[in-house]
Amino acid sequence: MTMEHENDTRVRLRRTKSVTRAEEIQKAEMIMRQSQPDKPCHYPRDSLFSWSSGFDNFTGFVNWGFLLLGIGGIRLLLENFIKYGLRVDPRQWILFLSGKSSDSEEYPSILLAIYSNVPVVMCLLIEKGLSVDIISHGPGMVFHVVNLIVMILIPLVVIQVKDTGFSMFGAAYVCFLYAVLFLKLWSYVQVNMWCRRSNQRKSTNQDRIRRQSLSYSNLLQSTEKKNGKQVDDSGQNIDGTTALVQYPDNLNLCDLYYYVLAPTLCYELNFPRSQRIRKRFLIKRIVEVVVGCQVVMSLIQQWMVPSVKNSLVPFSNMDVAKASERLLKLAIPNHLLWLCFFYLLYHSGLNTMGELLQFADRNFYGDWWNASNIDIFWRSWNLPVHRWAVRHLYVPALEMGYSRSTASVIVFFISAFFHEYLVSVPLKTFKTWAFMGMMSQIPLSSLSRHVEKHYGARWGNIIMWSSLIIGQPLCIMMYYHDYVITHFGEILLAEDYYVV
């Protein structure tokens, strides 16, 4: 055994020496060749596309790809102008943004937006009653649940009952506003409940001593003295730091409406605040919002509307070839619109509100474009909703004894409900395409993880992008078909959209 080991060692050593010797011979030959009068120009080298070459600078190909993409986009733009002419009409944008229907003099969208203050104030009053023990915990939670359910049902009932007055955008804006308020108030109620229970546990741990009849300001000062801190009249500690707001001192309109306007769905008693408003940064974001709105509405008028109309007949006739062609044709403007909307909302819009309110946490999105599977995409593309889902759905479900998979299903179910709510209610077409599309993300995420594990992160990322580019226009085509059938009847299907 020892002899074999020594032989192996000698073999390895001889190979190492032979490689070194070969390099020395090649170097000597190269020196000799360079001394020849034929002026040699060839050396042992690999082609750049070979892996062994070590070359990895393909910036020119990236520029070529963007240029080719730009040329293709210009061609599609010219084709669109030749077919449909200039469809952009800025005069309709004012009517569009007002939420008023063109054949009505009423503004129900604006009225519903104003009415949204009522459930917000009701939530504050209920919390006030709970904080001073006027309302016990059980009835208080029932009042909150009823308030939230009524709030989310108001747009549904009003839009359904009122046949005129709502434009598509107005109805969608109202539904979006009430859905956001629902999530914000849910967080507000739950956080205040956590604070209330924490105070109850502290009072229980202090040998169940009855509270002294002190004003809250005196109680706060006595607490700060116990902690070694003194608070002046300006609300700051003697050492210069800002005094933290304690429950129930946070239960006021100023605190609640700051949270309602803040670019977050998760309530805290003390949000991180920036020191000042950066004027140059704010102006840039406002310009982006203004310009971005024009780009989005122009894309809708010039590109999206004709593409969606053209998809109606082939999709209704189940003409697979023509429907697939319309789907791919719709995918390009829809995806551009989605990307513009993402930048407009999550970067420009939320940063504008954050800067105006000096809200310091600006982490609104992650690098979702690099997501190697569907799970990572949903955890990084919309961080305000992700934080809310983890904090107020996923973790509480785990604390109640549910498994991780069950908690994930609960999160996707609530998300699917709100996706369906934001689409079906404005369209007055109650289908389940958006709901099923969101629930299908569960098996799709398993598939993308399987592909990532066996074929690499690149193929998982390709599946993520494919689901976005193809899934969204398919959902739009299905809803538009059902919307036309529901509200205008099948007579419109006889119109020939192929030549449009």
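Trp186 is partly exposed in the predicted model, with a relative accessible area of 24%. Its partner Trp388 is buried, at 4%. By the criterion applied, the chain holds 28 aromatic pairs. Among them, Trp186 and Trp388 meet edge-to-face, with 5.2 Å between ring centres and 80° between the planes. Trp186 belongs to helix α7 (residues 168–205) and Trp388 to helix α14 (residues 383–399), so this pair ties together parts 202 residues apart in sequence.

A second edge-to-face pair is formed by Tyr346 and Trp381, at 5.3 Å centre to centre and 65° between the planes. Tyr346 lies in helix α12 (residues 320–356) and Trp381 in the loop between α13 (374–380) and α14, so parts 35 residues apart in sequence are tied together. Tyr346 is buried at 7% relative accessible area, and Trp381 also counts as buried, at 13%. Both residues belong to one aromatic cluster, which includes Trp338, Phe342, Trp368 and Trp465. Rings also take part in contacts with charged groups: the charged end of Lys184 sits over the ring of Tyr259, 4.7 Å from its centre, and Arg285 lies over the face of Phe281, at 4.7 Å from the ring centre.

The protein chain has 18 helices and zero strands. Helix α6 (residues 137–161) has 25 residues and an expected span of 36 Å, which agrees with the 35 Å between its end C-alpha atoms. α6 nevertheless bends by about 35° at Leu153, and Pro155 follows within four residues. Buried residues of α6 include His144, Asn147, Leu148, Met151 and Pro155.

Of the 500 residues of the chain, 36% count as buried. The chain exposes about 30900 Å², of which carbon and sulfur atoms supply 64%.

Key: Residues numbered from 1 in each chain as written. Predicted model: local features only at pLDDT ≥ 70, side-chain atom pairs only at ≥ 80, totals over all residues. Heavy atoms only, no water. Helix = DSSP H or I, 4+ residues; strand = E, 2+ residues; numbered from the N terminus. Buried < 20%, exposed > 50% of the residue type's maximum accessible area, 1.4 Å probe, protein only. Areas by Shrake-Rupley, 256 points an atom, 1.4 Å probe, with all protein chains shown as cover. Expected span 1.5 Å × (residues − 1). Bend = angle between axes of the 7 residues up to and from the residue. Phe/Tyr/Trp six-rings, centres within 6.5 Å; stacked < 30°, edge-to-face > 60°. Lys NZ or Arg CZ within 6 Å of the ring centre and 35° of its normal.
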